[in-house]
Amino acid sequence: MKRMELILLAFCVACGLVATLGFVGVLDVAGTLQLRLYPLFGAVAAAGWLAGNVFVVRAYRQGVSKRLLLPVYLVGPLAVIQLAWAMAPAEWQRGAPLLFLLACAVYILFFLVPWSLRASAAPRLRRDEEESRR
């Protein structure tokens with residue numbers, strides 16, 4: 001892992017810690033983020049797509065260990081989503097308790113799209129690399 005993954009991991013652990021402290025009741029974070037559904041799911045989809053693409057580039061093009069990177073890019077940003085949900089208004093959290101799980105599912109779905117398409121892009125990338133060496 002390089003510095004970028006360590007910074008991302010530290011940020012995600014901090015977000016998860018604050019969200020957990022809010023859930024337990026030590027911190028009162030509910031209602032501190034005036035959140036709307038469209039921006040929430042837009043941000044979740046964009047984060048999943050970005051994390052999936054960065055994971056594919058780092059793991060398959062640059063040869064970094066996949067076992068080390070998968071938790072950082074797949075599970076780590078879910079803590080940021082957890083924090084956003086913990087900061088949502090309390091009425092939302094009581095009225096739609098499964099919305100957090102839906103947001104996590106959207107993130108994972110958009111993460112898996114670049115990962116599943118990496119095999120179709122691999123022959124083209126290898127051909128382009130061979131042509132650039134000539």
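**Figure 1. Cysteines and the absence of disulfides in the predicted model.** This predicted model contains zero disulfides. Cysteine 12 takes part in none, and the nearest cysteine sulfur, which belongs to cysteine 15, lies 6.3 Å away. A disulfide requires two cysteine sulfur atoms within 2.5 Å, so the 6.3 Å separation of cysteine 12 from the sulfur of cysteine 15 does not qualify. A disulfide is a covalent bond joining the sulfur atoms of two cysteines. Cysteine 12 is buried, at 3% relative accessibility. Cysteine 104 is likewise classed as buried, with a relative accessibility of 11%.

**Figure 2. The ring pair of phenylalanine 55 and phenylalanine 111.** The model has two aromatic pairs. In the pair formed by phenylalanine 55 and phenylalanine 111, the ring centres are 5.7 Å apart and the planes meet at 40°, so the arrangement is tilted. The tilted class covers angles that are neither under 30 degrees nor over 60, which means that the 40° between these planes falls within it. This pair connects distant parts of the chain: phenylalanine 55 belongs to helix α2 and phenylalanine 111 to helix α5 (residues 99–133), with their positions 56 residues apart in sequence. Phenylalanine 55 is buried at 2% relative accessibility, and phenylalanine 111 is buried at 1%.

**Figure 3. The aromatic cluster.** Which residues are linked into a cluster by ring pairs? The cluster consists of Phe55, Tyr107 and Phe111. Two of its members, Phe55 and Phe111, are the buried phenylalanines of the preceding view.

**Figure 4. The surroundings of arginine 58.** Arginine 58 is located in helix α2, which spans residues 37–61. Is this arginine buried or exposed? Its relative accessible area is 7%, so arginine 58 is buried, the limit for that class being under 20%. Leaving aside residues up to four places away in sequence, arginine 58 touches Lys2, Met4, Glu5, Gly63, Val64, Leu69 and Tyr73.

**Figure 5. The chain as the setting of the close-up views.** The chain comprises five helices and zero strands, and its elements follow the order α-α-α-α-α from the N terminus. Of the 134 residues, 31% are buried. Among contacts between residues at least 6 apart in sequence, 77% join residues at least 24 apart. The accessible surface of the chain amounts to about 8,700 Å², and carbon and sulfur atoms account for 68% of this area.

Conventions: Residues are numbered from 1 along each chain as its sequence is written. This is a predicted model: local features need pLDDT of at least 70, side-chain atom pairs count only at pLDDT 80 or more; totals for chains, interfaces and linings use all residues. Side-chain values use heavy atoms; hydrogens and water are left out. Helices (H or I, at least four residues) and strands (E, at least two) are DSSP runs, numbered from the N terminus. Buried means under 20% relative accessible area, exposed over 50%, partly exposed in between (1.4 Å probe, protein chains only). Contact means heavy atoms within 4.5 Å. Rings of Phe, Tyr and Trp (its six-membered ring) pair if their centres lie within 6.5 Å; planes under 30 degrees apart count as stacked, over 60 as edge-to-face and the rest as tilted. Accessible areas come from the Shrake-Rupley method with a 1.4 Å probe; for residues, only the protein chains shown count as cover.
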